[in-house]
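Biologist: I would like a close look at one charged pair and its setting, please, with the terms spelled out as you go.

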Amino acid sequence: MEDVNLNSTGAKGINQEQVLLSVPVAKRALAIIGGDKSVDPYYMGMHEAQSNPYDAVHNPGGCIQLGLSENKLSLDLLERWFSTHNTSPAPEYENFLNFKAIAGYPDVYHGLPVFRKLMAKFMDDVYGGGVTFDPEKMIITTGATSAIEILAFCLADPGDVFLVPAPYYPGFDRDMKFRSQVDLVPVPGLSENDFCITRAGLEQAFQESEIRGKKVKAILMTSPSNPLGKTYSRDQLLMILDFVREKEIHLIADEIYAGSVFGTSEFTSIAELVLVPPFNPSQVHIIYGLSKILGIPGFRVGLLYSWNDEVVNAAKKLTRFTSVPTLTQQILVSLLSDSRFLQLYISENQKQLRERWCLVKEALQEAGLPSVPCTAGFFCWVNVGQVVGVTSKEQELDLWRKLLYEVGVNVTPGSACQCTESGWFRLCFAFVDNQTMTVALDRIKQFVDSVR
Amino acid sequence: MKNGSADEHLLADEEESNGAHYKCFLSKRGSKALTPFSPYIQAVNEAKNYQWTPTNPEGYFLMATAESVLSFDLIHDKIRSCREVPATVGLYGDFRGGNRLRKAIAKMMERTFMGVEVSTANVCISSGVTAVLDLFFFATCDAGDGCLIPAPYFPAFDNDMAIRNGVEPIPVQPADTHTYIPTAVEMEEAALAAEKKGINPRVLLITNPGNPLGTLYPESTLKELLVWAVNRGLHVLCDEIYANSKFGPSANEFISMEKVASIAVNENLLSEKTVAQRVHTAYGMSKDFGMSGFRVGCIHTRNKGMQKFWQNMGMFAAVSNDTQHALSIMLEDEEFVDYYVAENNRRLKKSYEIFTSLLRAENVVYMPACAAMFCWLDLRSLLPEPTFEAEDRLWKELKDESRLILTPGRACHYAEPGFFRACYASMPPEHLTVATQRLTAFVERKRRKRKAEYPISV
């Protein structure tokens with residue numbers, strides 16, 4: 001790396017001439033650029049999977065990608081829809097979406113009204129009729145990542161704390177800390193309790209933050225949970241809502257995996273509970289998006305939904321920076337208008353996920369690997385460390401490296417998800433095709449057998 | 001499950017009656033973001049839905065946003081033919097932008113205005129030049145640092161650098177109030193003054209072609225400012241978003257900052273290495289191509305740190321793959337691009353001439369422009385006193401009496417009251433004629449009134 005990321009002050013051993021010549025990138029940007037990626041499991045894993053990708057014919061010994069939470073199982077359905085449908089605006093949307101209207105500056109950066117209306121209806125359908133979403137409370141952004149960042153900006157000042165049930169989605173660290181500089185404090189769930197968090201756990205994390213002089217501003221949770229692959233029960237959600245009410249903090253519920261629930265457990269959205277007294281809905285905000293349910297992360301469509309008018313108004317201002325192209329909105333309006341197709345797609349997708357999970361579950365059981373029962377999302381939480389007696393983070397990472405470079409599967413180590421118990425791994429099972437998945441599961445089984 | 005809104009209403013009543021208050025405030029920075037728009041932006045937003053047409057004579061002529069409708073038809077037809085949704089659209093892409101679009105934009109910039117070789121590796125794409133600026137300022141400045149900007153300048157720059165990044169804009173008024181061409185002397189003075197106030201200048205932001213003036217920076221000025229800024233340890237960001245909107249004889253005088261930088265290196269004024277680190281150019285599809293709804297902007301930078309930053313941060317402001325795809329196809333059609341730029345320039349010139357010929361006939365003073373889509377009007381003689389309050393009143397009178405909405409000079413951070421920016425491309429030429437006649441009629445009325453009130457001064 002060249003001299004451009006030298007710090008102007010405080011950098012040891014840099015002589016004065018170098019300091020004068022080099023133009024520092026801002027201190028706050030250094031953390032984003034710098035950092036030794038060579039030891040970061042996420043990047044190492046991605047690098048290996050991309051540079052040495054498995055191919056049945058050309059590279060049978062290559063690395064199989066089980067670290068990306070993406071769902072390609074039903075992509076063919078969507079592709080077929082796009083190739084057979086005209087995505088020009090339907091006559092009833094001609095006024096809003098004709099080219100003249102869409103090429104100019106959007107009246108609203110946070111999503112064209114017709115797009116938000118259809119997104120709200122889509123969410124109504126996905127959530128199974130238990131909730132009615134209001135397009136006016138919806139802010140559409142270029143991906144859920146942007147929506148989360150906007151919420152972090154609106155709810156917390158730099159250095160403030162969000163409590164996060166752990167293990168949690170590794171991307172949160174990046175999303176919160178890069179620019180928003182919000183501190184994430186994990187609230188550990190334990191295996192003996194199926195990794196469910198407790199009121200006591202929340203209370204402890206809250207008190208510890210206060211003692212450190214940090215202000216806790218919100219709880220941030222993914223529901224259904226990434227990486228656990230399970231839903232929160234109604235009681236758990238009520239407990240969390242009550243905690244949030246008592247402490248007068250916010251709740252951010254990232255429900256991006258709603259709609260990808262395939263198991264027998266029920267999904268309850270926080271939206272179903274929040275409007276009942278004594279809860280105050282202006283404390284609650286939902287993150288959603290199209291990346292997971294429709295398998296189209298490339299479209300970059302996410303949203304935040306809030307009952308808090310001030311949050312909505314502040315967020316609107318920030319969507320100047322993260323606005324979805326009107327062309328994309330127009331195409332998606334066509335897609336979202338076809339509710340019959342969407343229903344078909346969602347149920348077919350759930351079926352595919354269920355079948356894939358069965359395949360994985362069977363293999364894990366055969367290999368004797370404990371896992372959390374998976375009912376939602378594209379991943380499962382597996383204790384691989386148990387077979388080799390992992391008892392520390394270092395041992396977990398050793399095992400992870402072995403899995404990556406010797407066994408040839410890229411999985412996510414629990415430490416990257418802030419799990420307090422060593423040896424757990426997130427295994428994504430919806431990205432590769434059946435044949436590849438089978439090969440991956442065989443490899444894992446063989447590895448387990450070899451070390452037992 | 002009851003309808004949500006009914007329950008909400010119930011809660012609100014309870015709140016009031018119990019005197020309960022919920023302490024779930026926004027963060028400090030979130031609250032700041034709630035600061036209401038200035039009145040002129042509010043008026044713009046309201047007027048958008050009530051614009052003048054022959055059948056709506058009470059409507060407004062919106063001349064306060066830099067938007068061109070002149071060549072929509074050309075883009076419309078082209079994009080219609082590029083709108084397939086490819087198989088790869090679903091998947092995550094490179095957060096610096098897909099390779100195809102980066103290459104297409106790089107080639108287009110190289111061919112049409114940069115005058116130097118443009119490598120794909122040095123181009124990163126984000127959701128609009130606004131997003132490019134937002135990321136750029138975060139990367140180069142810490143909160144509380146400053147950015148020098150020759151005034152008058154594009155009003156939204158303040159928002160773009162301050163709202164999320166806490167960067168202080170430092171307007172630099174031109175010493176030369178005829179040409180407005182800044183010099184390094186003013187820049188240095190402004191930098192020193194800022195430092196005295198505890199603001200550390202980190203960036204020099206230049207827009208060329210200029211907004212709101214619609215003029216071009218001479219090569220000598222660009223070189224002078226570049227060398228001064230780089231030697232002072234600043235980053236230089238040149239926003240060339242209007243680079244393909246040029247008309248008139250002086251249009252040939254446009255030179256990109258990238259070209260100026262390479263000249264400076266050849267003349268041994270700056271080293272190749274420092275130029276690579278500190279000189280950056282922004283471009284986008286919103287102005288020259290009128291595709292502001294597509295939200296596509298890019299930064300051209302050879303600073304490896306910046307590129308790495310974009311790779312990591314790009315996902316917060318990425319462009320949808322399908323839009324990238326459609327745009328790539330359009331920009332790869334070089335014949336189309338050349339035809340479009342030439343035709344668009346012709347139409348801009350025509351509207352500019354309609355506007356200014358009518359102004360000249362009424363002796364309304366304006367700054368001759370040869371680029372972009374707006375004109376800087378000098379209405380100082382209409383002010384009863386040279387104050388911004390008087391300018392505000394004049395702005396309001398223009399709106400209320402003549403239904404004309406212009407951008408007041410104060411919003412552009414110009415120090416002297418009485419100037420206005422008018423965008424002449426935001427309506428078809430036939431409407432522009434009506435709008436300009438209204439403007440000159442207004443000026444004429446005001447002059448007569450002033451003559452009556454102040455018979456000596458005029």
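What is the relative accessibility of Glu267(B), and how does this residue count on that basis?

Modeller: Glu267(B) has a relative accessibility of 42% and counts as partly exposed, where buried means under 20% relative accessible area, exposed means over 50% and partly exposed covers what lies in between, with a 1.4 Å probe and protein chains only. The model is predicted, so local features need pLDDT of at least 70 and side-chain atom pairs count only at pLDDT 80 or more, while totals for chains, interfaces and linings use all residues. Residues are numbered from 1 along each chain as its sequence is written, chains are lettered from A and ligands numbered from 1 in the order in which they are written, and side-chain values use heavy atoms, with hydrogens and water left out.

Glu267(B) forms a salt bridge with Lys223(B), and the closest N and O atoms of the pair are 2.7 Å apart; the term asks for a side-chain nitrogen of Lys or Arg within 4 Å of a carboxyl oxygen of Asp or Glu. The two partners come from distant parts of the chain, 44 residues apart: Lys223(B) belongs to helix α9 (residues 219–231) of chain B, whereas Glu267(B) sits in the loop between α10 (257–266) and α11 (272–278) of chain B. Helices (H or I, at least four residues) and strands (E, at least two) are DSSP runs, numbered from the N terminus. The partners also fall into separate accessibility classes, since Lys223(B), at 18% relative accessibility, counts as buried, while Glu267(B) is partly exposed at 42%.

Another pair in chain B offers a comparison. Asp392(B) and Arg410(B) meet through their side chains in a salt bridge, with 2.8 Å from N to O. This pair again links distant parts of the chain, for Asp392(B) is in helix α15 (residues 388–402) of chain B and Arg410(B) is in the loop between β12 (407–408) and β13 (419–423) of chain B, 18 residues apart. Here both residues are partly exposed, because the relative accessibility of Asp392(B) is 33% and that of Arg410(B) is 37%.

In chain A, Asp242(A) and Arg199(A) form a salt bridge whose closest N and O atoms are 2.9 Å apart. It connects helix α11 (residues 234–247) of chain A, which holds Asp242(A), to helix α10 (residues 199–211) of chain A, which holds Arg199(A), and the two residues are 43 apart in sequence. Asp242(A) is partly exposed at 22% relative accessibility, and Arg199(A) is partly exposed at 26%. Both take part in a network of salt bridges that also links Glu203(A), Arg245(A), Glu246(A) and Lys247(A).

Over all chains the count comes to 48 salt bridges, and three salt bridges are counted between chain A and chain B. As a case where the partners come from two chains, the side chains of Asp134(B) and Arg179(A) meet in a salt bridge at 2.9 Å, N to O. On the side of chain A that touches chain B, the elements that give two or more residues include α1 (16–21), α4 (75–84), α8 (144–155) and α14 (326–337) of chain A. The most comes from α8(A), with eight residues.

The cysteines make a useful contrast with these charged pairs. There are zero disulfides over all chains, a disulfide being a pair of cysteine sulfur atoms within 2.5 Å. The sulfur of Cys374(A) has its closest cysteine sulfur in Cys380(A), at 5.8 Å, which is too far for a bond, and Cys374(A) is buried with a relative accessible area of 4%. Cys147(B) is likewise in no disulfide, as the nearest cysteine sulfur, that of Cys141(B), is 6.7 Å away; with 0% relative accessibility, Cys147(B) counts as buried.

For the wider setting in chain A, the chain holds 18 helices and 12 strands, and 63% of its 452 residues are buried. Glu362(A), in helix α15 (residues 339–367) of chain A, counts as exposed at 53% relative accessibility. By contrast, Phe279(A), in the loop between α12 (270–273) and β7 (284–289) of chain A, counts as buried at 9%.
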